[in-house]
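Got the viewer open? Then come along for a walk through this one, stop by stop.

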Amino acid sequence: MAAVLRQTKQKQAVYEALAALDHPTATEVYERVHTEYPAISRGTVFRVLGGFAEQGRIRRLALTGSDTRFDPTLAPHAHGVCRVCGRVCDVFLPALASFEPGRICDGFQAEGCEVQFTGVCGQCRRETMRASAQK
Ligand SMILES: [Zn+2]
Ligand SMILES: [Zn+2]
């Protein structure tokens with residue numbers, strides 16, 4: 001019983017760390033959980049994240065030019081990846097909001113949806129503007 005309790009608590013800690021971070025990698029989740037639960041191993045955190053993704057509780061993101069990241073937001077949305085700092089932000093598009101898994105189009109059955117924009121995030125744009133204003 002104690003082992004089950006501990007497992008539940010570990011899962012909860014992993015989920016909370018994931019939700020508190022912004023599209024973190026597994027390592028970032030591990031580092032956050034580890035500060036609070038020093039006994040938790042990297043392998044456990046990675047396994048819990050993988051389990052959540054398989055159960056559909058979180059999304060596993062395979063973004064181009066980025067490590068695998070995890071996202072607790074299940075509503076269909078796209079991602080913008082900053083080409084300067086690598087930050088990932090959510091982009092909510094009305095067209096994606098009506099996406100339904102299982103919809104068949106020309107014989108293709110959709111199981112998921114991954115839309116990625118590349119560009120420069122707000123913070124990096126502000127820094128670029130500030131730098132060019134000082135010239
Ligand atoms: Zn940026
Ligand atoms: Zn997202």
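What follows is a tour of two metal sites, a pocket and a few residues to click on along the way. Keep in mind that you are looking at a predicted model.

**Stop 1: zinc, ligand 1**

Select the zinc ion (ligand 1) and show the side chains around it. Which residues hold this zinc ion (ligand 1)? The donors are the SG atoms of Cys 82, Cys 85, Cys 121 and Cys 124, at 2.3 to 2.4 Å. Now turn on angle labels: the four donor atoms subtend 106 to 113° at the zinc ion (ligand 1), so the arrangement is tetrahedral. For reference, the ideal angle for four tetrahedral donors is 109.5 degrees.

Switch to the sequence panel, where the donor residues of this ion follow the spacing C-x2-C-x35-C-x2-C. Pick out Cys 85 and Cys 124, a pair that links distant parts of the chain, 39 residues apart. Cys 85 sits in the loop between β3 (78-82) and β4 (88-91), while Cys 124 belongs to helix α5 (residues 122-133).

Add a surface and check the same two again. Buried or exposed: what is Cys 124? Cys 124 has a relative accessible area of 8%, so it is buried. Cys 85, at 41% relative accessibility, counts as partly exposed. Cys 82 has a relative accessible area of 4%, which makes it another buried residue.

**Stop 2: a cysteine beside the site**

How many disulfides are there to show? The count is zero. Click on Cys 89, which is in no disulfide; draw a distance from its sulfur to that of Cys 121, the nearest cysteine sulfur, and you should read 7.5 Å. With 37% relative accessibility, Cys 89 counts as partly exposed.

**Stop 3: zinc, ligand 2**

Move on to the zinc ion (ligand 2). What coordinates it? The zinc ion (ligand 2) is bound by NE2 of His 23, His 77 and His 79, together with OD atoms of Asp 71 and Asp 90, at 2.0 to 2.2 Å. Along the chain, the donor spacing of the zinc ion (ligand 2) reads H-x47-D-x5-H-x1-H-x10-D.

Highlight His 77 and Asp 90 from this set. His 77 is in the loop between β2 (69-71) and β3, and Asp 90 is in strand β4, so the pair ties together parts 13 residues apart in sequence. On the surface view, His 77 is buried, with a relative accessible area of 1%, whereas Asp 90 counts as partly exposed at 30% relative accessibility. While you have His 77 selected, add Val 91: the two are 14 residues apart along the chain, and their C-alpha atoms are separated by 5.9 Å.

Next, His 23, in the loop between α1 and α2 (26-36). Have a look at its backbone: phi of His 23 is near 50°, a positive value in a residue other than glycine. His 23 is also buried, at a relative accessible area of 4%.

**Stop 4: the largest pocket**

Where does the tour meet the largest pocket? Select its lining: Arg 59, Arg 60, Leu 74, Pro 76, His 77, Phe 99, Pro 101, Glu 111, Gly 112, Cys 113 and Glu 114. You have already visited one of these, His 77, as a donor to the zinc ion (ligand 2). The volume of the largest pocket is about 200 Å³. Color the lining by residue type and you get five nonpolar, two polar and four charged residues.

**Stop 5: strand β7 and helix α1**

Zoom to strand β7 (residues 116-119), the place of Phe 117. Phe 117 counts as partly exposed, with 37% relative accessibility. Draw a C-alpha to C-alpha line from Phe 117 to Leu 93: they are 24 residues apart in sequence and 12 Å apart in space.

Thr 118 lies in strand β7 too. At 67% relative accessibility, over the 50% cut-off, Thr 118 counts as exposed.

For the last selection, take Tyr 15, in helix α1 (residues 2-20). Tyr 15 has a relative accessible area of 29% and is partly exposed. Draw two C-alpha lines from Tyr 15. The line to Thr 118, 103 residues away along the chain, spans 27 Å; the line to Thr 128, 113 residues away in sequence, spans 35 Å.

Note on methods
Residues are numbered from 1 along each chain as its sequence is written. Chains are lettered from A and ligands numbered from 1 in the order in which they are written. This is a predicted model: local features need pLDDT of at least 70, side-chain atom pairs count only at pLDDT 80 or more; totals for chains, interfaces and linings use all residues. Side-chain values use heavy atoms; hydrogens and water are left out. Donors are N, O and S atoms within 2.8 Å of the metal (3.2 Å for Na, K and Ca); water is not among the atoms, so sites may look incomplete. Four donors count as tetrahedral if all angles lie between 85 and 135 degrees; four count as square planar and six as octahedral if opposite donors are over 155 degrees apart and all others between 65 and 115; anything else is irregular. Helices (H or I, at least four residues) and strands (E, at least two) are DSSP runs, numbered from the N terminus. Buried means under 20% relative accessible area, exposed over 50%, partly exposed in between (1.4 Å probe, protein chains only). A disulfide is a pair of cysteine sulfur atoms within 2.5 Å. On a 1 Å grid over the protein atoms alone, a cavity is a set of points where a 1.4 Å probe fits but cannot get out, and a pocket is an open set with protein on both sides within 12 Å along at least five of seven lines; lining residues have an atom within 4 Å of a point. Grid points are joined across faces, edges and corners, and a volume is the space filled by probe spheres set on the points. Ala, Val, Leu, Ile, Met, Phe, Trp, Tyr, Cys and Pro count as nonpolar, Asp, Glu, Lys and Arg as charged, and the others, Gly among them, as polar.
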